[in-house]
Amino acid sequence: MTKSEEGKVLYLIICAAGPAGGANELVDLAQQAGWAVQVIATPAALDFIDTEALEEQTGRPVRSQYRKPGEPRSPKANAIIVAPATFNTINKWAAGISDTYALGVLAEALGLNIPVVVLPFVNTILANRTPYRNSVRSLIAEGAVILQEDSDNSPHWPGSGGSVVFPWGQVLLHL
Ligand SMILES: Cc1cc2nc3c(=O)[nH]c(=O)nc-3n(C[C@H](O)[C@H](O)[C@H](O)COP(=O)(O)O)c2cc1C
């Protein structure tokens, strides 16, 4: 067992939204708090992150696909953070769709009673859509912690995402 697998394990699920490129900030804060971090990116998020840098920082491969038979399993998660969480992934997760590895992990997490904290990055127009509001309500009812409307930073106006400071630091406080 490597040093990073000895302690409590945090899965950081990264979706394809603007702040994804800053995920190293959360990895840093989580490591300072004693977590070993396993990054899981949606396939679309791979265009937004520096995979190599995150692998170096965490000491673990970034996972975006189901493993092939015979490949080693990731260590089991003690907690999961989804940040930034997209409109797409939140709606699919709530609907029980599991067509990415990230969604597969999320599909099982609440049933396994693993704490899941979600920090969406969804613009005002999409955040006010009925399907999204229903998804958020239903995931909260199933036990997810979803940070959003009460935050200063999300939802944001369409097109203004680049100028928003994403509150990476807040999310760890809710684990
Ligand atoms: C530059 C760019 C910025 C985007 N920003 C957001 C965003 O802030 N929030 C969001 O929900 N989707 C955003 N999208 C759309 C998502 O990337 C798209 O819905 C994608 O299919 C999400 O995939 P995922 O949920 O599997 O990560 C953005 C797309 C691009 C190209």
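A residue is counted as buried when its relative accessible area is under 20%. In this predicted model, 49% of the 175 residues of the chain are buried by that criterion. The chain contains seven helices and five strands. Read from the N terminus, these elements follow the order β-α-β-α-β-α-α-β-α-α-β-α.

The five strands make up an open sheet, arranged as β2-β1-β3-β4-β5, with parallel pairing. The edges are occupied by β2 and β5 (145-146), and each of these has a single partner strand, so one side of each lacks a neighbour in the sheet.

Strand β1 (residues 9-14) runs parallel to β2 and is joined to it by six bridges. Within this pair, isoleucine 14 of β1 is placed opposite alanine 41 of β2. The connection from β1 to β2 passes through helix α1 (residues 23-32), and the resulting β-α-β crossover is right-handed. Strand β1 also pairs with strand β3 (residues 79-85), again in the parallel sense, and here the pairing rests on four bridges. Leucine 12 has isoleucine 81 of β3 as its bridge partner.

Although β2 stands at an edge of the sheet, six of the six residues in this strand (residues 36-41) are buried, so β2 is largely enclosed by the rest of the structure. The burial applies to both faces of the strand. Ala36, Gln38 and Ile40 lie on one side, while Val37, Val39 and Ala41 lie on the other, and all of them are buried. Ala41, the residue opposite isoleucine 14, therefore belongs to a strand that is largely enclosed.

The model also holds a ligand, and the residues surrounding the ligand come from several stretches of the sequence: Cys15, Ala16, Ala17 and Gly18; Thr42, Ala44 and Phe48; Thr86, Phe87, Asn88 and Thr89; and Phe121. Grouped by class, this shell comprises seven nonpolar residues, five polar residues and no charged residues.

Three polar contacts to the ligand can be described. In threonine 42, a side-chain N or O atom is 2.7 Å from an oxygen atom of the ligand. In threonine 89, a polar side-chain atom lies 2.6 Å from a ligand oxygen atom. Phenylalanine 121 contributes through its backbone, where an N or O atom is 2.7 Å from a nitrogen atom of the ligand. Taken alone, the ligand exposes 640 Å², and 59% of that area is buried by the protein.

Technical notes
Residues numbered from 1 in each chain as written. Predicted model: local features only at pLDDT ≥ 70, side-chain atom pairs only at ≥ 80, totals over all residues. Heavy atoms only, no water. Near = heavy atom within 4 Å. Polar contact = N/O pair within 3.5 Å; in protein donor to acceptor, adjacent residues only side chain to side chain. Areas by Shrake-Rupley, 256 points an atom, 1.4 Å probe, with all protein chains shown as cover. Nonpolar A, V, L, I, M, F, W, Y, C, P; charged D, E, K, R; others polar. Buried < 20%, exposed > 50% of the residue type's maximum accessible area, 1.4 Å probe, protein only. Helix = DSSP H or I, 4+ residues; strand = E, 2+ residues; numbered from the N terminus. Pairing = 2+ DSSP bridges. Right-handed = clockwise from strand over helix to strand, strands pointing away.
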